[in-house]
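Here is a short tour of a small structural report, written with a computational chemist in mind. Please have a look at the sequence and the coordinates first.

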Amino acid sequence: MYLNKVQLIGNLTRDPEIKALPSGVKVLSFTLATNRTWKDQSGAKKDATEFHNVVAFGKIAELIAQYVKKGG
């Protein structure tokens, strides 16, 4: 079995949304914003924000919904 693991550290753009499929399986979705800063060749500071759409299913969806909220 192969496992791909990603760790994203950022800010929620809104509270996670949890829904249920007709089969009863929970589905949670949210968007995470990550920022990065660097200097280009001329030494000027550059900033970029990337948005990541995240979807979780089942028990992990319920755990995320329980503990993760947008901070203010």
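The text below goes from the overall fold to two residues and their surroundings.

**Overall picture**

Please keep in mind that this is a predicted model. The protein holds one helix and four strands, and read from the N terminus the order is β-β-β-β-α. With a radius of gyration of 16 Å, well over the 11 Å that the globule rule gives for 72 residues, the protein is more spread out than a compact globule. The C-alpha trace spans about 55 × 40 × 20 Å along the principal axes.

Turning to the surface, buried residues account for 19% of the 72 residues. The accessible surface is about 6100 Å², and carbon and sulfur atoms contribute 53% of that area. On the charge side, there are 11 positive and 6 negative side chains, with the centres of the two sets 3 Å apart. As for contacts between residues at least 6 apart in sequence, 39% of them link residues at least 24 apart.

**Two residues in their settings**

Arg14 sits in the loop that runs between strand S1 (11-12) and strand S2 (17-20). Leaving out residues up to four places away in sequence, Arg14 touches Ser29, Thr31 and Lys70. Gly43 is 29 residues away from Arg14 along the chain, and their C-alpha atoms are separated by 34 Å.

Thr34 belongs to strand S3, which covers residues 26-39. With residues up to four places away in sequence again left out, Thr34 touches Ile9, Gly10, Ala48, Thr49, Glu50 and His52.

Is Thr34 buried or exposed? Its relative accessible area is 13%, and buried means under 20%, so Thr34 counts as buried. Arg14 has a relative accessible area of 34%, which lies between the 20% and 50% cut-offs, so Arg14 is partly exposed.

Each of these residues also has a polar contact from side chain to side chain, listed here:

| Residue | Partner | Distance |
|---|---|---|
| Arg14 side chain | Glu17 side chain | 3.3 Å |
| Thr34 side chain | His52 side chain | 2.9 Å |

The two partners can now be placed in the picture. His52 is among the residues that Thr34 touches, and the polar contact between their side chains is at 2.9 Å. For Arg14, the polar partner is Glu17, at 3.3 Å, while Arg14 itself lies in the loop between strands S1 and S2.

Key: Residues are numbered from 1 along each chain as its sequence is written. This is a predicted model: local features need pLDDT of at least 70, side-chain atom pairs count only at pLDDT 80 or more; totals for chains, interfaces and linings use all residues. Side-chain values use heavy atoms; hydrogens and water are left out. Helices (H or I, at least four residues) and strands (E, at least two) are DSSP runs, numbered from the N terminus. The radius of gyration is taken over C-alpha atoms; the globule rule is 2.2 Å times the number of residues to the power 0.38. Buried means under 20% relative accessible area, exposed over 50%, partly exposed in between (1.4 Å probe, protein chains only). Contact means heavy atoms within 4.5 Å. Accessible areas come from the Shrake-Rupley method with a 1.4 Å probe; for residues, only the protein chains shown count as cover. Lys and Arg count as positive and Asp and Glu as negative; His and the chain ends are not counted. The place of a charge is taken as NZ of Lys, CZ of Arg, CG of Asp or CD of Glu. A polar contact is a pair of N or O atoms within 3.5 Å; within protein, one must be able to donate a hydrogen and the other to accept it, and residues adjacent in sequence count only if both atoms are side-chain atoms.
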